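Take a slow look at the model below before reading on. Turn it around, then follow the text one part at a time.

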Amino acid sequence: MNLPDERSFNRWFIIISCLVVIVLVLWNTSIFFQRLKEDERAKMNIWAQAQEELSNAPEDADLSLILEILNNNTTIPIIHTNEEGEIAYTTNLDPIILEDQDRTREYLEDLKEENEPIIIDLGEGQIQYLYYGNSPALNKLKYYPIGLTLIGFLFIGVVYFFYTTTKSSEQNKLWAGMAKETAHQIGTPLSSLIGWTEILKAENINPSYVEEMEKDIDRLRTITERFSKIGSLPNLQKTDIVGSTKESFEYLKNRSSNLIDFSIRTPRQPINVMLNEQLYSWTIENLVKNAIDAMRGKGELLIEIKQDLKQAHIYISDTGKGIDKNKFRSIFEPGQTTKKRGWGLGLSLAKRIIEEYHKGKIKVARSEINKGTTFQISLKKV
């Protein structure tokens, strides 16, 4: 059994064990409740017999034991009625109930539904009916299974949450580890390329060739730095989001197909936010590439920046195939992709960068099938 299977087994073993324990406790509680109810029924039968003995006892009889039995009941509420249903005697009732005859009658109806009456033969053809309710202890015991069930499900929820967060933490560590290893792997050939450009300069190669190579080397260096920051808290600096977005826009525009009509709309004045420019440009790059793929390499792409009193909003709009509304949230989950190639990590990475590192928000602002999609990034202004 591998580690994930073992942890899944442990999780379900704990959950099923909790359910079994809850069922066993509830079953035993039910049995205990019925036994207490039977004991109270037996106690009421003895109390009714004592009442009969008291009514039929001669004047010189010793009534101490009978009176002790009658006075021993201090918890179970009792109402006696005659054959006509009129209330003849009450004990252990709330004084508030006794103050109102209608309320007393309503309480009597509740007692009739709660337990079967006991017939008291007072002699000479007089019969009374003893109606009684459950004692306070028995009433509290009725709610015990509910509380136990809630505690059980709460514990199951805690176990599930623990294993879910543990899995998420492991995925985050794996993500960060892969990113740092990628940065490390790129770093070795990158250093070699820098050395080769110096050699080419010494060989009097066409300077334009070397200049283009240096641009690509700078790009590789930027990518390496991006990957190295995954898993670590990035350094955020006060940055003009307008200028940073324009820079990313120009870079992507110059390296994309001429069939894509790029346009950008921004305020004239700068908008300052706390930003890590390298990670932010990575986010813009992922969203733009996602838009280009959605348009299948041909269409219109617009980047627009707006602001309100507290936030700057960046919109990336395309004229692609659109996204179903029921997928607005799931597309940000790792592995969610409609492309034949790729791992479906671009939007997940963008969400991580914006929401976890920059404490902003990213969402699908608008989307219509075969008309296009607009993504929205919101960052707090400073």
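In which helix is Ser 30 found? Ser 30 is found in helix H1. Keep in mind that this is a predicted model. Ser 30 counts as partly exposed, because its relative accessibility is 40% and partly exposed residues fall between 20% and 50%. Now look across to Leu 141. Ser 30 and Leu 141 are 111 residues apart in sequence. In space, their C-alpha atoms are 9.3 Å apart.

Stay with helix H1, which covers residues 3-56. Trp 27 has its place there too. Is Trp 27 buried or exposed? Trp 27 has a relative accessible area of 55%. The cut-off for exposed is over 50%, so Trp 27 is exposed. Trp 27 also belongs to a nonpolar surface patch. Its partners in the patch are Trp 12, Ile 16, Val 20 and Leu 24. Together these residues make a patch of about 550 Å².

Now step back to the whole protein. It has 382 residues, and 34% of them count as buried. There are nine helices and eleven strands. The protein exposes about 24,200 Å². Carbon and sulfur atoms supply 54% of that area. Next, take the contacts between residues at least 6 apart in sequence. Of these, 68% join residues at least 24 apart.

Go inside next. The largest nonpolar core has 34 residues. Which of them touch the most other members? They are Ile 241, Ile 284, Leu 301, Ile 314 and Ile 377. Helix H8, residues 277-294, gives the most to this core, with six residues. Zoom in on Ile 284, and leave aside its neighbours within four places in sequence. Ile 284 is then in contact with Ser 248, Leu 252 and Ile 303, and also with Ile 314, Ile 316 and Ile 377. Two of these names, Ile 314 and Ile 377, appeared just above among the residues that touch the most other members. Another core lies apart from this one. That core has 13 residues, including Ile 66, Leu 70, Ile 118 and Leu 122.

Aromatic rings come next. How many aromatic pairs does the structure hold? It holds three. One of them joins Trp 47 and Tyr 89. Their ring centres are 6.2 Å apart, with 25° between the planes, and the pair is stacked. This pair links distant parts of the chain. Trp 47 is in helix H1, while Tyr 89 is in strand E2, residues 87-91. The two are 42 residues apart. Their surroundings can be compared as well. Trp 47 counts as buried, because its relative accessibility is 3% and buried means under 20%. Tyr 89 has a relative accessible area of 36%, so Tyr 89 is partly exposed.

A further pair is made by Phe 249 and Phe 262. Why is this pair called edge-to-face? The ring planes stand at 70°, and the centres are 5.8 Å apart. Planes over 60 degrees apart count as edge-to-face, so the pair earns that name. This pair also links distant parts of the chain. Phe 249 is in helix H7, residues 241-254, and Phe 262 is in strand E6, residues 260-265. The two are 13 residues apart. Both Phe 249 and Phe 262 are buried.

Charged side chains are the last stop. The count comes to five salt bridges. One of them joins Glu 109 and Lys 112, whose closest N and O atoms are 3.5 Å apart. Both residues lie in helix H4, residues 101-114. They are three residues apart, about one turn of the helix. Glu 109 is partly exposed, with a relative accessible area of 38%. Lys 112 is partly exposed as well, at 34%.

Glu 304 and Lys 306 also meet in a salt bridge, at 4.0 Å from N to O. Is Glu 304 buried or exposed? Glu 304 is buried, because its relative accessible area is 18% and the cut-off is under 20%. Lys 306 is partly exposed, with 42%.

Finally, find Glu 368 and Lys 371. These two form a salt bridge, with their closest N and O atoms 3.5 Å apart. Glu 368 is partly exposed, at 36%. Lys 371 has a relative accessibility of 56%, so Lys 371 counts as exposed.

How values were computed:
Residues numbered from 1 in each chain as written. Predicted model: local features only at pLDDT ≥ 70, side-chain atom pairs only at ≥ 80, totals over all residues. Heavy atoms only, no water. Core = buried A, V, L, I, M, F, W, Y, C linked by side-chain atoms within 4.5 Å. Buried < 20%, exposed > 50% of the residue type's maximum accessible area, 1.4 Å probe, protein only. Helix = DSSP H or I, 4+ residues; strand = E, 2+ residues; numbered from the N terminus. Contact = heavy atoms within 4.5 Å. Patch = residues over 30% accessible without salt bridge, like charges linked within 9 Å, V, L, I, M, F, W, Y side chains within 5 Å. Areas by Shrake-Rupley, 256 points an atom, 1.4 Å probe, with all protein chains shown as cover. Phe/Tyr/Trp six-rings, centres within 6.5 Å; stacked < 30°, edge-to-face > 60°.
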